[in-house]
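Please read the following notes alongside the model. They take up contacts, overall form and one surface feature.

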Amino acid sequence: MRRYLPSLKMANSAQLFFKPTCVGNSSELAYAVTNPSRMGVQYEWDIPASVQQYFTIEPREGIIRGNETLQLSCVFNPNKRRRYQFRVACNLRPPGTEGPPTKVWLVVNGVGEIGEIQMIPTTVDFETVIIGG
């Protein structure tokens, strides 16, 4: 008897790209994953503790029925001005089973930026302004 190996089809070649985001703010993207088989698959995202401070996925775990597409909510909130690139694993199992999972990987890319506003001209003279007059 052949063993069923769960799999997921991930959008955008299993890569997620966040637009440059100001430090202290967050960006949210919807990301689609599809179970291409007729069998259900139990999934759980394995996000390293070091990454959890600036990246989350919801729902973090659950079951995707056969031929179902699930929209995930991915949030990136950078804590430093730098380029971020990291991988997170999704552990897959047939529902209700134990044992070693099948892993699929999602590569996440983002940039933390410092926001600033520039005006041209840099100085504006409003002269005398009378308030309440």
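1. Contact here means heavy atoms within 4.5 Å. Of the contacts in the protein chain between residues at least 6 apart in sequence, 68% join residues at least 24 apart.

2. This is a predicted model, in which local features need pLDDT of at least 70 and side-chain atom pairs count only at pLDDT 80 or more, while totals for chains, interfaces and linings use all residues. Residues are numbered from 1 along each chain as its sequence is written, and side-chain values use heavy atoms, with hydrogens and water left out.

3. The protein chain has one helix and 10 strands (DSSP runs numbered from the N terminus: helices are H or I with at least four residues, strands E with at least two). Their order along the sequence is β-β-β-β-β-α-β-β-β-β-β. The radius of gyration, taken over C-alpha atoms, is 22 Å, well over the 14 Å that the globule rule (2.2 Å times the number of residues to the power 0.38) gives for 133 residues, so the protein chain is more spread out than a compact globule.

4. The C-alpha trace spans about 90 × 30 × 25 Å along its principal axes. Buried residues (under 20% relative accessible area, with exposed over 50% and partly exposed in between; 1.4 Å probe, protein chains only) make up 29% of the 133.

5. Ile131 lies in the segment after β10 (102-113). Ile131 is exposed, its relative accessible area being 79%.
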